[in-house]
Amino acid sequence: MSPTAPDEAPVRRVAAFFDLDKTIIAKSSALAFSRPFFDEGLLNRRAVLKSSYAQFLMMLTAADHDQMERMRDHLTQMCEGWNVEQVSTIVREALHDVVNPLVFAEASELIAGHHARGHDVVIVSASGEEMVRPIAEMLGADYSVASKMKVEDGKYAGEVEFYCYGENKVVAMEALAAEHGYDLEQCFAYSDSITDVPMLAAVGHPTAVNPDRGLRKEAAERGWPVVSFSNPTPLRDRIPTPSRNSVLASAGLGVVAAGAGVATYLVLHRKKH
């Protein structure tokens, strides 16, 4: 192999960073599992009702910093003492019934389009890693970053080791960029929440998806594109999302068409807003 020419810059990789809740799926991933956790005895009826009410409030209002902090405290206290392996098993078994119907078709198509362009797809979520990782795998994402709870003797200890929220999302993104060689100026990011402005501002191509009032205002001021996802459709009811390898191995015309489709989608939606 010939050495790299002195003036030849190394190739930098590109990633698309996606928030999860209300960006890829239509509700909170953490609260979506309330029913299976209740069925397996981890939650009592009062906790389920409280979680359902919290979900209702999050759907009606923008989740600001204080709400997110209260939600973190609520979920951390609720999960204290739970067996980690049992939680992981419940999530895996309930994944397709609970989360699959919530996936926005538009988000799934966008993920496939980024893969077609040779980009890595990364899910960045404040929900727990035991839930986020299986969801990311189901969606065909390359990597995921999520909140991590402290574990003692195989059970949650009621403390958060890493809260993947706000500026901490940027910390995680920068760590992945250093590890995988991403050029954040060439990367993409998608989120619905004003709390994710740091995440969106960290890349060269941010997009507000189903933005809350605060993020819609911020996007308008910064000139960020705004898109609307409104069609949750089970993955099994659509053509399966192609893996990165299969897409890149397909005919060149198909790859170009997929990339053009994503670009056209964003341009059209930018004009609408």
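How many Å² does the accessible surface of the chain come to, and what share belongs to carbon and sulfur atoms? The surface is about 13800 Å², with 53% from carbon and sulfur atoms. Areas here follow the Shrake-Rupley method with a 1.4 Å probe, and for residues only the protein chains shown count as cover.

This is a predicted model: local features need pLDDT of at least 70, side-chain atom pairs count only at pLDDT 80 or more, and totals for chains, interfaces and linings use all residues. Residues are numbered from 1 along each chain as its sequence is written, and side-chain values use heavy atoms, leaving out hydrogens and water.

Confidence comes next. pLDDT is the predictor's confidence in each residue, from 0 to 100. Its mean over the chain is 78, and 69% of residues reach 70 or more. Residues 1–6 stay under 50 and have 0 contacts (heavy atoms within 4.5 Å) beyond four places in sequence. Residues 56–62 are also below 50, yet this stretch has 10 contacts beyond near neighbours in sequence.

Now the fold. The chain has 12 helices and 7 strands. These are DSSP runs, numbered from the N terminus: helices are H or I, at least four residues, and strands are E, at least two. Among contacts between residues at least 6 apart in sequence, 68% join residues at least 24 apart.

The largest nonpolar core (buried Ala, Val, Leu, Ile, Met, Phe, Trp, Tyr and Cys residues joined through side-chain atoms within 4.5 Å) has 46 residues. Buried means under 20% relative accessible area, with a 1.4 Å probe and protein chains only. Helix H5 (84–98) is among the contributing elements. H5 gives the largest share, 7 residues.

Methods: Buried < 20%, exposed > 50% of the residue type's maximum accessible area, 1.4 Å probe, protein only.
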